[in-house]
Amino acid sequence: MVNLRIPGPIPVDDEILETMGSPMINHRGPEFKDLLYKTTEGLKTVFATKNDVYIITGSGTSAMEAAVVNTLSPGDKAINATVGVFGNRFGIICERYGVDVTTLSFPFGTAVDTDKLRECIEENPEVKAVMVTHNETSTGVSNDLEKIASVIKEYDKLILVDGISSVCSIPIETDAWGLDVVATASQKGWMLPPGLAFISFSEKAWEAHKNSTMPRFYLDMAEYKRYYEIGQPPFTPSVSCMFALDVALDRVKQEGLGALYERHSIIGKYTRDAIRDLGLEIFPVSEDIASNTCTAVSVPEGVDGSSLVEKMRVDHKVVLAGGQSTLSGKIFRIGHMGITPQEDIQQTINALREVLPTIGFNK
Ligand SMILES: *Cc1c(COP(=O)(O)O)cnc(C)c1O
């Protein structure tokens, strides 16, 4: 068996896969209506929100794009606080749509510095929105979203969150923290295959939507809202993924969010400790910002990062993720979101212990 240890898609168990093999139903019929309403309520519980939550058939990026095109207009000013590749993506989406975006970037491996963020907002008082990544999967860093949101809220700006690798894995409180739009995707913490994106949308986001002149069609949240009222999706959804979502949400309910968060926190720490025991270093600059869904590890001096990933896959059937963009060859990443048995991490560590000395690592 392959040990798929990338930060999404995550391994999916047989029950979920079998559910996905169920016969199709009419997405405009009564069964789907029940399924849509039930799953949406389940999603709201996980987002900790009374705001609207919509299900988009698409990857996480579609929900990031939806966050931008439904709240802003070409020429609007916004700040993108980024700590990695996915944060940068939020900025690129804005640029493509003509948003006048100020980039506030922090070095890879560090988190958003809220003093700098405050300064940036003070210097750009006319910005409408601030974009931020909750958990930056490219660097294995978790931002203190509660603190970041509290600063943004002081200035009454919209806060658009990439929660793709955090929601349903690490604690997030959409309403209590005042998050206007939160985007996430099924193949991360939700224990599901790729195919669905989920997005929450606050009252304030709806107000912004009224004034937004951005072009949009497939991702127009007004259409999702209009159709939701009659118990339908605006377009044909991934019905199979919807069946699986229903099962996954039942499981979340059964386990409880507290226990689910605790499980991620335990496996995250377990992974980091085991990595350090091997003599390797965690890429994030400090333990308190290290992600509990994805561990980024620095490739040691003298070791070729790509042959490490290659050897792990070929010789040990452990599939790791390399580094993205400028981190290519400099880090590798171990995903541990969703249900990650400790043995799977142990096997990864054992394989690393065998592979490392063969590619130039001496502890
Ligand atoms: C995976 C991921 C994305 C990209 O999601 P896709 O589903 O591939 O579009 C964006 N942001 C973060 C933080 C991610 O982990």
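Trainee: Why is F201 called buried?

Mentor: This is a predicted model, and in it F201 has a relative accessible area of 1%. Buried means under 20%, so F201 counts as buried.

Trainee: What makes F201 and W206 an edge-to-face pair?

Mentor: The ring centres of F201 and W206 lie 4.7 Å apart, with 65° between the planes. Centres within 6.5 Å make a pair, and planes over 60 degrees apart count as edge-to-face. Both values meet these limits, so the pair of F201 and W206 is edge-to-face.

Trainee: Is W206 buried or exposed, and how do you know?

Mentor: W206 has a relative accessibility of 11%. The limit for buried is under 20%, so W206 is buried.

Trainee: Why is the pair of F217 and F235 called tilted?

Mentor: The planes of F217 and F235 stand at 45°, and the centres are 5.9 Å apart. Stacked requires under 30 degrees and edge-to-face over 60, while the rest count as tilted. The angle of 45° fits neither of those two classes, so this pair is tilted.

Trainee: Where in the chain do F217 and F235 lie?

Mentor: F217 is in the loop between α7 (203-211) and α8 (221-228), and F235 is in the loop between α8 and α9 (239-255). The two residues are 18 residues apart, and their pair links distant parts of the chain.

Trainee: What makes F217 exposed, and what is the class of F235?

Mentor: F217 has 65% relative accessibility, and exposed means over 50%, so F217 is exposed. F235 has a relative accessible area of 21%. This value lies between the limits of 20% and 50%, so F235 is partly exposed.

Trainee: Which aromatic cluster includes F201 and W206?

Mentor: One aromatic cluster is formed by Y37, Y54, F201, W206, F217, Y218, Y224, Y228 and F235. The structure holds ten aromatic pairs.

Trainee: How do you know that the charged end of K225 sits over the ring of W206?

Mentor: The charged end of K225 is 5.1 Å from the ring centre of W206. The distance limit is within 6 Å, so this part of the criterion is met. K188 likewise lies over the face of F86, at 5.6 Å from the ring centre.

Trainee: What makes the approach of S59 to the ligand a polar contact?

Mentor: An N or O atom in the side chain of S59 is 2.5 Å from an oxygen atom of the ligand. A polar contact is a pair of N or O atoms within 3.5 Å, so this pair qualifies. A polar side-chain atom of T137 lies 2.4 Å from an oxygen atom of the ligand, and a polar backbone atom of G60 is 2.7 Å from a ligand oxygen.

Trainee: How many residues surround the ligand, and which element gives the most to the shell?

Mentor: The ligand is surrounded by 14 residues, and the closest are S59, T61, T137, D162 and K188. Helix α3 gives the most to the shell, with three residues. By class, the shell has three nonpolar, eight polar and three charged residues.

Trainee: Why is C168 called buried, and what is noted about its phi?

Mentor: C168 has 0% relative accessibility, and the limit for buried is under 20%, so C168 is buried. Phi of C168 is near 75°, a positive value in a residue other than glycine. C168 lies in the loop between β8 (158-162) and β9 (181-185).

Definitions and conventions. Residues numbered from 1 in each chain as written. Predicted model: local features only at pLDDT ≥ 70, side-chain atom pairs only at ≥ 80, totals over all residues. Heavy atoms only, no water. Phe/Tyr/Trp six-rings, centres within 6.5 Å; stacked < 30°, edge-to-face > 60°. Buried < 20%, exposed > 50% of the residue type's maximum accessible area, 1.4 Å probe, protein only. Helix = DSSP H or I, 4+ residues; strand = E, 2+ residues; numbered from the N terminus. Lys NZ or Arg CZ within 6 Å of the ring centre and 35° of its normal. Near = heavy atom within 4 Å. Polar contact = N/O pair within 3.5 Å; in protein donor to acceptor, adjacent residues only side chain to side chain. Nonpolar A, V, L, I, M, F, W, Y, C, P; charged D, E, K, R; others polar.
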